[in-house]
Amino acid sequence: MLFPSVNKQKSWLLFLLFILGGLNLYFHFSFDGVMNERGRWVDHGLSLVTSPIRALFQGSRDLVVESTDGLMRLRSVDAENQEIKGRVAQLEVELQRMAELSAENQRFKTLLDFKEKSKLRLLPARIISRDMSMFMRSARIDRGSEQGVERGMAVVSPQGVVGQVDRVFEGEAIVQFLTDLNSRLDGVVERSRTQVIVGGSMEGDMKLYFLARRADVRQGDVVFSSGTGSIFPAGFKIGTIVGHSQDPDAILEDAELEPAVSFGALEEIFVVLQKQESTR
Amino acid sequence: MSLSIGRSETEKDPWFSSVIVVLLWTCWLAFFSASTAFESFRMPMTGIVLLWAARYWSWVWAGLAFIIMAWIYHQWSQIPPGLFALSCFATFLALRLFISQVEIQSLASYSIGLALSFLMLEILQWSFLGRVLPEVSFSWSVMFWMLVSVVAQFTLGLVFYGSLRTTSA
């Protein structure tokens, strides 16, 4: 017998405890990622316990990567290159926002006093691990509450919207990608200014959900974050519409979206530190 | 061909080896999740632990162990821990049924057990998710990558058991 033998009555008692524990976990875990207090301390405790294991493998990977890089480049050049890359990425993010804001200015000529929104405070972060489930799309980053990361903060990259912070630990956080089936975001079609709801799917694609039949959307339209809601600032690129199924019998339709961000190759991201209200 | 999964039936206390299996699984999660090599499919290798559990763990202790495993897994996945634990336990029961009918001694029976374990766990998680999220439905694309994942895990699982056999021989 693998475990200490228990008599039949104790066995049933343990089984009952297991069932109660399992049901408690099952029903008290809401699917927007919020855990109740009973679960949170277990989650944080385990994060603490598994942290050295993650660090070990992350450290090993870093060692291999750094050794390879060291053969290719001098350290000083590498550091300078990294710094420039970071600055370029940050500037690309700003440039992207500027392009959208500029287009918005053109459309609303009466709002000549429209001022440029204050610069976003971006915290660079690195993806250290990815979700192990086939059905979920998320990643763990190397920035947490110690660096000012909070749950619900937007996460972007130079290419566009990445997702939002879902769980926060001391030095790490979990980012839920926009391609996750639980993600939803208000967007706006750049050409027609049609408001849309963007979300992920089980396949890891992005879709426009609940489109009205006469919604003015076309293949090739670019979708940006609208700023509606409390997560994402306006003006970040979400993706391009690549397919729009038009069913004459359907009241609401869906459309397929090509994400602006290449999630498979994503390594460096930015957490938008301030809330949306402060940027508007 | 006779195989042994790391211990003989006369071995008295496989506690240590069971803890090692769970620890190896945890290390594998840490290792694989840090990799960006396979973006389209993932290989959590939980099926190996479940086959081990079906062979050596009592159903009561397995249930408790699955809750612990679910919380460990939650460090690397957004899958709700309760859903994962229930999927594990259901797969475990199916494997117990399989083992009660087929004695796992040959490579063929190991292979069937492994394939059953990997496939059933994925399908159950998919099914349970579909019960709570309306967006989850059948998809050929997901089915394809799920099968790719199962085949990859199955292959790795055979290598794992093969290495155990070599070590224990």
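What follows is a walk through two chains of a predicted model, from the overall make-up of chain A to a pair of helices in chain B.

Chain A comes first. Three helices and 12 strands are found in this chain. The chain has 280 residues, and 35% of them count as buried. It also helps to ask how far apart in sequence the touching residues are. Taking contacts in chain A between residues at least 6 apart in sequence, 56% turn out to link residues at least 24 apart.

A good part of the strand story in chain A can be told through a barrel. Six strands form a closed barrel in the order β1-β2-β5-β4-β3-β12, and their pairing is antiparallel. Going from one strand to the next, the twist averages 45°.

Within that barrel, strand β5(A) is a handy place to stop and look around. This strand covers residues 173-177, and five of its five residues are buried. Cover is found on both faces: A:A173, A:V175 and A:F177 are buried on one side, while A:I174 and A:Q176 are buried on the other.

Which strands pair with β5(A)? One of them is β2(A), made of residues 138-141, which runs antiparallel to β5(A) and is joined to it by four bridges. Here A:R140 has A:I174 as its bridge partner. Another is β4(A), residues 160-168, with five bridges in the antiparallel sense. In this pairing A:R167 is matched with A:I174. Put together, A:I174 is the bridge partner of A:R140 and also of A:R167. As for the link along the chain, β4(A) and β5(A) are joined as a hairpin through four residues.

One step further round, β4(A) meets strand β3(A), residues 154-157, in an antiparallel pairing with four bridges. In that pairing, A:S157 sits opposite A:G160 of β4(A).

Chain A also touches chain B. On the chain A side 41 residues are involved, and they are in contact with 51 residues of chain B. Three elements of chain A, namely α1 (8-27), α2 (37-72) and β1 (122-130), supply at least two residues each to this side. Which of the elements gives the most? That is α2(A), with 10 residues. Sorted by class, the chain A side of the contact holds 22 nonpolar, 13 polar and six charged residues. Strand β1(A) therefore appears twice in this account, as part of the side that touches chain B and as a strand of the barrel.In chain B, the spotlight falls on two helices, α4(B) (residues 81-101) and α5(B) (residues 107-132). Their axes come within 9 Å of each other and cross at roughly 145°. The crossing of α4(B) past α5(B) is right-handed. Residues making the contact include B:L83, B:F84, B:A90 and B:F98 from α4(B), and B:L116, B:M120, B:L124 and B:F128 from α5(B). By class, this helix contact has 14 nonpolar and five polar residues, with no charged ones.

Finally, α5(B) allows a quick length check. With 26 residues at 1.5 Å a residue, the helix should span 38 Å, and the end C-alpha atoms are 38 Å apart, so the two values agree. Several residues of α5(B) are buried, among them B:Y110, B:L114, B:E122 and B:W126. Some of the buried residues also belong to the contact with α4(B), including B:M120 and B:F128.

Notes:
Residues are numbered from 1 along each chain as its sequence is written. Chains are lettered from A and ligands numbered from 1 in the order in which they are written. This is a predicted model: local features need pLDDT of at least 70, side-chain atom pairs count only at pLDDT 80 or more; totals for chains, interfaces and linings use all residues. A residue is buried if 20 or more other C-beta atoms lie within 10 Å of its own, exposed if 12 or fewer, and partly exposed in between; C-beta atoms are placed from the backbone. Two residues are in contact if their C-beta atoms, placed from the backbone, lie within 7 Å. Ala, Val, Leu, Ile, Met, Phe, Trp, Tyr, Cys and Pro count as nonpolar, Asp, Glu, Lys and Arg as charged, and the others, Gly among them, as polar. Two strands pair if DSSP finds at least two bridges between them. Axes are lines fitted to C-alpha atoms, for helices over the stretch in contact, and angles run from 0 to 180 degrees between N-to-C directions. A crossing is left-handed if the near helix is turned anticlockwise from the far one by less than a right angle, and right-handed if clockwise. The expected span of a helix is 1.5 Å times one less than its number of residues.
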